[in-house]
Amino acid sequence: MNPRRILLSMILLLVSSLLCLDSQSLHAKEKSRQPNIILVMTDDQGYWDTEISGNPKIETPTIKKLAAEGVTFTRFYANMVCAPTRAGLMTGRHYLRTGLYNTRFGGDTLGPNETTIAQVLQKAGYKTGLFGKWHLGRYAQYQPQRRGFDHFFGHYHGHIERYTNPDQVVVNGTPVETRGYVTDLFTDAAIDFIRRNQQQPFFCYLAYNAPHSPFLLDTSHFGQPEGDKLIEKYLAKVLPLREARIYAMIERIDQNLSRLLQTVHELNLDQETVVIYTSDNGGVSRGFKAGLKGSKASAYEGGTRVPFVVRWTDHFPAGKTTDAMVAQTDLFPTFCQLAGVPVPSDLKLDGKSILSLMEQGGGKSPHQYLYHTWDRYTPNPFHRWSIHGSRFKLVGHDPQGKKEKEGEPQGQLYDLQADPGETKNVASQYPEKVSELRGEFLRWFQDVTDGQVYQPAAIPVGDEKEPEVELQPSWAILKGDDLEYSFDGYDWDTIDNWKTNSDTATWQLDVQKPGRYVVELSYGFRAEPLETGKLQVAVGDQKLGCELPMSTSQNVFLKQLVGTLDLKAGKQTLRVQAADSGGIPGLRLNSLWLKSLSIE
């Protein structure tokens, strides 16, 4: 054979082998890299608050582009209110299984033994970050950095009061000062997290607190003109001021979503990153509702259906829409499947993986039924509830939450295929379907509440990461005829109407480290002719008396040192009451603080 041909054949064979090895190594690299997961969740954004829902006035070009590049689920269900949805998302379990039952009163705390998706992904090699609203526990043992997140910048409560230079935010448990508009700040932190962790798989949970009330754009002297421009834009579309503010807040989110996605693109991570955009419950805006009935806190479709768009470039089809019935609990097993890790064998999940629906852009729902229920104070299967399959939905909304009597209607039945707006009750046409669905709902309710005790979690005191603990009014149990709890946004809540010393406010404590604790409180107090009020703080046989000088008004708050208590380890009760039989007219008690003298 011609020597040149032999040499050429050898060269071609070598090049082919190298190309094959390179292809194999690239393929191996692709297979070994777990996809990044970015979950963007807004707060109180309704199904109808996007362009993709047909809203003719709102402008959300980034969400619209994301939908064009990914898969849109038109029947994605959250819970009626925020903390329950977040519990379901984090655990893959219906929130009533987790011990959480409320959005405040201490009922917004995820049970300490629950496993979060952040913990599973962290164990699987992911860097995990949360930026924004947590709302699953404010005390040290329940905080995100103790529940699977490597980094947390955000707030614990259901909402905050200041959107410019927010002052109710923390970084990994430490309160911080900020400058800027809250939506921008959370996005900045998420972008920084992505840039710092781009060389390994990451889970970035960006949980905006907007467009939850208060409906605020930029309010600083420097920034207000920019916020006003967006509001004025929607006022010019003949929207009421309230709606203009909400739409402007959502457009601001859309702008920040654009910055986030541009960062992913610039880092060449599009093909390695799953991006999800959704909301935590039904909407609060009223200008356009896409034909749906109900809003936030309702069991109707408008209270539980939320936007949901997912994109994974070159993996999920572009521009697909599906009406498969899925829920927020499905994300836990879906993320496990994406990461290539099994669901922990000891978990009883309600969610089911919907990865195949994402990959196909459609398909059949993995659920026979979805269930919703919520009560402000304690779970109640007769108050606000619903159950539905792909076609029929049974809804109950009894303001009194009373059990149905024999012969009374068991709920309103709707045919969602023919009547997605829930306008025609067809219960009389399908009585057997009503009985079937109501029976199934009650069976399910018994299952998810079995063995649970729904009460404020005992407040951990003496944790090494939290040497000073605040006891807020919403965690107190009030006893007596007169004491009243006033909700004013978590940090500003008060206990009022101290007419007698027979009424008490008590907090359940779980002392982690026994020792001596300094007690301090904040209060507003004004009532003539008194000059001081006398309050008593007690734990067991220990009692501290405290005189409270009057403040400028009931709404001007002072801090007052009470004294010290020796607390033993374990569960115990702290009690507060007026010292004198005449009470303390004009007192508004805000918070108490317990500060350990033995923890540095």
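A salt bridge is a side-chain nitrogen of Lys or Arg within 4 Å of a carboxyl oxygen of Asp or Glu. Asp43, Arg86, Lys133 and Asp280 are linked in a network of such salt bridges.

The model is predicted: local features need pLDDT of at least 70 and side-chain atom pairs count only at pLDDT 80 or more, while totals for chains, interfaces and linings use all residues. Residues are numbered from 1 along each chain as its sequence is written, and side-chain values use heavy atoms, with hydrogens and water left out.

**Exercise 1. Strand E11**

Task: Determine which strands are joined to E11 by bridges, and state whether its faces are covered or not.

Solution. Helices (H or I, at least four residues) and strands (E, at least two) are DSSP runs, numbered from the N terminus. Two strands pair if DSSP finds at least two bridges between them.

Step 1. Strand E2 (residues 71-73) runs antiparallel to E11 and is joined to it by two bridges. Threonine 72 has valine 309 of E11 as its bridge partner.

Step 2. Strand E9 (residues 273-279) is also antiparallel to E11, with four bridges. Here tyrosine 277 has valine 309 as its bridge partner.

Step 3. Buried means under 20% relative accessible area, exposed over 50%, and partly exposed in between (1.4 Å probe, protein chains only). In E11 (residues 308-311), Phe308 and Val310 on one side and Val309 and Arg311 on the other are all buried, and both faces are thus covered.

**Exercise 2. Helix H3 and the loop after it**

Task: State how many residues of H3 are buried, which elements they pack against, and what aspartate 108 touches.

Solution. Contact means heavy atoms within 4.5 Å.

Step 1. In H3, 10 of its 10 residues are buried; among them are Cys82, Arg86 and Met90.

Step 2. These buried residues pack against strand E1 (36-42), H4, strand E4 (127-133), strand E8 (202-207) and helix H9 (331-339).

Step 3. Glycine 92, with a positive phi near 75°, follows H3. Arginine 93 is placed in the loop between H3 and H4 and is buried, with a relative accessible area of 12%. Leaving aside residues up to four places away in sequence, arginine 93 touches several residues, including Glu114, Lys348 and Asp350.

Step 4. Aspartate 108 lies in the loop between helix H3 (82-91) and helix H4 (117-123). Charges are assigned as follows: Lys and Arg count as positive and Asp and Glu as negative, whereas His and the chain ends are not counted. Aspartate 108 is buried yet has no salt bridge, and the nearest side chain of opposite charge, arginine 376, is 8.2 Å away.

Step 5. A polar contact is a pair of N or O atoms within 3.5 Å; within protein, one must be able to donate a hydrogen and the other to accept it, and residues adjacent in sequence count only if both atoms are side-chain atoms. The side chains of aspartate 108 and histidine 135 make such a contact at 3.2 Å. Not counting residues up to four places away in sequence, aspartate 108 touches Ala83, Leu100, Asn102, Thr103, His135, Leu136, Gly137 and Tyr490.

**Exercise 3. Aromatic pairs**

Task: Classify the pair of tyrosine 371 and tryptophan 444, and explain which parts the pair ties together.

Solution. Rings of Phe, Tyr and Trp (its six-membered ring) pair if their centres lie within 6.5 Å; planes under 30 degrees apart count as stacked, over 60 as edge-to-face and the rest as tilted.

Step 1. Both tyrosine 371 and tryptophan 444 are buried.

Step 2. The pair of tyrosine 371 and tryptophan 444 is stacked, at 4.6 Å centre to centre and 5° between the planes.

Step 3. Tyrosine 371 lies in strand E14 (residues 370-373) and tryptophan 444 in helix H11 (residues 431-449), so the pair ties together parts that are 73 residues apart in sequence.

Step 4. One aromatic cluster is formed by Tyr369, Tyr371, Trp385, Phe441, Trp444 and Phe445.

**Exercise 4. Salt bridges**

Task: State how many salt bridges the structure holds, and describe the one between arginine 196 and aspartate 192.

Solution.

Step 1. The structure holds 36 salt bridges.

Step 2. Arginine 196 and aspartate 192 meet through their side chains at 2.9 Å, N to O. The two are four residues apart in helix H5 (residues 182-196), and therefore separated by about one helical turn.

Step 3. Arginine 196 is exposed, with a relative accessible area of 66%, whereas aspartate 192 is partly exposed, at 37%.
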